[in-house]
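Let's take a walk through this structure together. Have a look at the picture and keep chain letters handy as we go.

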Amino acid sequence: MTALAAILLRDIRIAMRVGGGALMGVLFFLVVVTMTPFAIGPDLALLKRIGPAILWLAALLASLLALDRLFTGDHDDGSLDLILMGRAPLELVVGMKGLAHWLTTGLPLVLAAPLIGLFLNLDAPAEGALVLTLLVGTPALTFIGMIGAAIAVTLRRGGLLLAVIVLPLTVPVLIFGVGAANAAVVGPVPFGTPFTVLCALTLASLVIGPFAAAAALRQEME
Amino acid sequence: MRLNAVDLHCRRGGRDVFAGVNFTVASGEALTVVGRNGAGKSSLLRTIVGLLRLARGRLTLDGGDRELSIAEQAHYLGHQDALKPSLSTAENLTFWAAFLGGKAADQSTVIAQALDTVGLAPLASLPAGYLSAGQRRRLSIARLVAVKRPIWLLDEPTSALDVTAQARLSGLMQDHLSGGGLILAATHGPIGLSRSNELRLDPVTPSFSDSFFEDEAVDATEQDGP
């Protein structure tokens, strides 16, 4: 087993165990979306129109919820020291941690979205489009978020700072994610254009996130 | 193999932690770093593995693997145990053995042997969260046994260990030295090595404070200048 496979497996295992918090994001997602019809009222046309936006916003907040544990756990128990000393490049290790984080917090959101979409009066084509945008877009949320998580790692209560740093950076993902999902629901814009931009944003964040996070971690160990 | 340090300086938060430290450790030798609290013993070990930036000075390793940095050939046993409470004893050790690059042919026998060496074999499947402080320490030490690296940097290795475990640790250190390894240990008491050199670190005392404030002033103007 190589170092990268080892860290991927370890992070997934920790998230699945008691106290790992893998299902907290999904529960939060479920609660936020369930509350929306109560707040807005039983206007089915309105719910259908704002449904994708509500789901995306809830997914953004849910993925933010678990991000502050991405590096602080390893920092607090000294694991990060050994990770920095390892022979595996830090950028790849950070990327693997991001992948494990997405598999345990982002992917469950994508899988839960079709069910939760029913609360917001979404029909089958709209749900399909929404799940596709979430599948493509949530990795970008994780990999942009990891930059903030790496910056806030040494702070005791970094969660709020993390949100302040990360949320503005996720605006493009939110715009094109909701844009693509809305295009499938109400038209008349084609689905492909905003969806392609969303794919591009995700690919860019997959590259930039690990490098920026690794640089921040190296700086902070001083 | 020989680890040379020439004129090491370390600065943290604008304060000199230690200054002008020189030492040489060769294969089969142990160096114990002693000094009062705050003298910079831990900082010295962290500087050697690159977790703290070296303000001035030179660190070289003769006869090591030229492809690898000093940190990549060293084990660092710090104050923190680097264990995950939700993973079992064996899982914790297996992860570090795989991550730190122990490409053993049969990983599971290596893990079992290492756990046996530190006396934790009966607790292999117990979550690490249930271990006592001394058992956690022993599990960290098992990492040094499971993955072979020539340089051991130990920060108060005997803390929380009982008499039996201390004796076992000194046996491990003797084995490591006779196998051609080298050890740097920061300590307050004897760690059971029959023969070791001593490096005494003195805190950079307040009597230096005048020059210290001058340095600060110079630094500040340099930063403001451009």
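Helices (H or I, at least four residues) and strands (E, at least two) are DSSP runs, numbered from the N terminus. What you see is a predicted model, in which local features need pLDDT of at least 70, side-chain atom pairs count only at pLDDT 80 or more, and totals for chains, interfaces and linings use all residues. Residues are numbered from 1 along each chain as its sequence is written, while chains are lettered from A and ligands numbered from 1 in the order in which they are written.

Start with how far to trust it. The score called pLDDT is the predictor's confidence in each residue, from 0 to 100. Chain B averages a pLDDT of 82, with 88% of its residues at 70 or above. The weak spot is residues 207–226 of chain B, where pLDDT stays under 50 and the model has two contacts beyond four places in sequence. Where pLDDT is low, the predicted coordinates should not be read in detail. For the complex, the predictor gives an ipTM of 0.84 and a pTM of 0.86.

Now for the layout of chain B. It has six helices and eight strands, which run along the sequence as β-β-β-α-β-β-α-α-α-β-α-β-β-α. Its domain assignment (bounds from an automatic or database domain assignment) gives domain 1 (2–64 + 150–224) and domain 2 (86–147). Two residues are in contact if their C-beta atoms, placed from the backbone, lie within 7 Å. By that rule, nine residues of domain 1 of chain B meet nine residues of domain 2 of chain B. On the domain 1 side, helix 5 (residues 163–178) of chain B gives the most, with four residues.

What about the partner chain? Here 22 residues of chain B are in contact with 22 residues of chain A. Helix 2 (residues 89–99) of chain B gives the most to the chain B side, with four residues.

Just past that helix, let's stop at B:Leu100, in the loop between helix 2 and helix 3 (107–117) of chain B. A residue is buried if 20 or more other C-beta atoms lie within 10 Å of its own, exposed if 12 or fewer, and partly exposed in between, with C-beta atoms placed from the backbone. B:Leu100 counts as buried because it has 23 C-beta neighbours inside 10 Å. Leaving aside neighbours within four places in sequence, B:Leu100 is in contact with A:Gly86 and B:Val147.

Next comes helix 4 (residues 133–146) of chain B. Its 14 residues reach 20 Å from first C-alpha to last, close to the 20 Å expected at 1.5 Å a residue (1.5 Å times one less than the number of residues). Is helix 4 of chain B enclosed or open? It is largely enclosed by the rest of the structure, because 12 of its 14 residues are buried. Among them are B:Arg136, B:Leu139 and B:Ala142. The buried residues of this helix pack against strand 5 (74–77), helix 2, helix 3, strand 6 (151–155) and helix 5 of chain B.

Finally, the nonpolar core: a set of buried Ala, Val, Leu, Ile, Met, Phe, Trp, Tyr and Cys residues joined through C-beta atoms within 7 Å. Of the 124 residues in the largest one, A:Leu55, B:Leu93, B:Ala142 and B:Leu153 touch the most other members. Helix 7 (residues 124–151) of chain A gives the most to this core, with 14 residues. Not counting residues up to four places away in sequence, B:Leu153 touches several residues, including B:Leu45, B:Ile48 and B:Leu184.
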